[in-house]
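Trainee: I'd like to go through some aromatic contacts with you. Can we take the labels one at a time?

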Amino acid sequence: HEGITLNLTTHAEPFLFTDTPFDAAIHFGNPIWPGTVAEHLFGEELVPVASPRLVGKSLPLQPIELAKFTLLHQSARPDMWRQWFTEAGVHDINNMRGPRFDLFSMLVEAARAGLGVALVPRFLVLGELGEGTLTIPCSQTLRSEKGYYLVYPESKQGSAALHAFKNWLLDAARQYSG
């Protein structure tokens with residue numbers, strides 16, 4: 001039975017498929033890889049999340065009220081909170097303060113532990129929101145202009161395993177997107 005090798009990436013590497021054993025990649029960004037097929041999975045919606053113990057029961061909060069909490073940042077995307085506050089019409093606050101974490105999973109754990117409010121992709125916290133270990137304290141979201149894509153070389157379009165994986169993944173993405 002033929003299998004596929006998958007890579008998860010956040011930046012375009014045009015030679016990813018020629019110099020590695022990967023058959024496909026799930027990529028966050030823009031569909032700009034020459035010689036590849038990019039299947040759009042879904043866009044990115046960033047939401048503020050926090051431990052219910054941290055933000056209390058008087059929800060929802062206004063965007064300006066989030067500024068009083070410690071803001072947790074993703075180090076590779078340091079501008080997210082500034083963009084979120086700008087979208088919300090909130091200016092003249094120090095939105096760069098607060099600890100930085102390398103991975104969104106670390107942000108989620110820090111928010112669950114009550115260390116502050118994190119801005120993360122909604123799809124990454126669906127389980128925690130359902131369990132009640134995290135809450136969305138403010139309904140203001142931030143839509144990214146980038147998206148998540150399944151990317152694979154044009155030469156792999158005939159692969160039965162890749163075709164089956166692609167169909168499964170696109171179906172799962174449609175269910176998530178609603």
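Mentor: Sure, here are some aromatic pairs and the reasons for their labels.

Mentor: This is a predicted model, where local features need pLDDT of at least 70, side-chain atom pairs count only at pLDDT 80 or more, and totals for chains, interfaces and linings use all residues. Residues are numbered from 1 along each chain as its sequence is written, and side-chain values use heavy atoms, with hydrogens and water left out.

Trainee: What makes Phe-42 and Phe-123 an edge-to-face pair?

Mentor: Rings of Phe, Tyr and Trp (its six-membered ring) pair if their centres lie within 6.5 Å; planes under 30 degrees apart are stacked, over 60 edge-to-face, the rest tilted. Here the centres are 5.0 Å apart and the planes 70 degrees, so the pair is edge-to-face.

Trainee: Where do the two rings sit in the chain?

Mentor: Phe-42 is in strand β3 (residues 36-49) and Phe-123 in the loop between β6 and α5, 81 residues apart. Strands are DSSP runs of E, at least two residues, and helices are runs of H or I, at least four, numbered from the N terminus.

Trainee: Why is Phe-42 called buried, and Phe-123 partly exposed?

Mentor: Buried means under 20% relative accessible area, exposed over 50%, partly exposed in between (1.4 Å probe, protein chains only). Phe-42 has 13%, so it is buried; Phe-123 has 25%, so it is partly exposed.

Trainee: How do you know that Phe-123 and Tyr-148 are edge-to-face too?

Mentor: Their centres are 5.1 Å apart, with 80 degrees between the planes. Tyr-148 is buried, at 11%.
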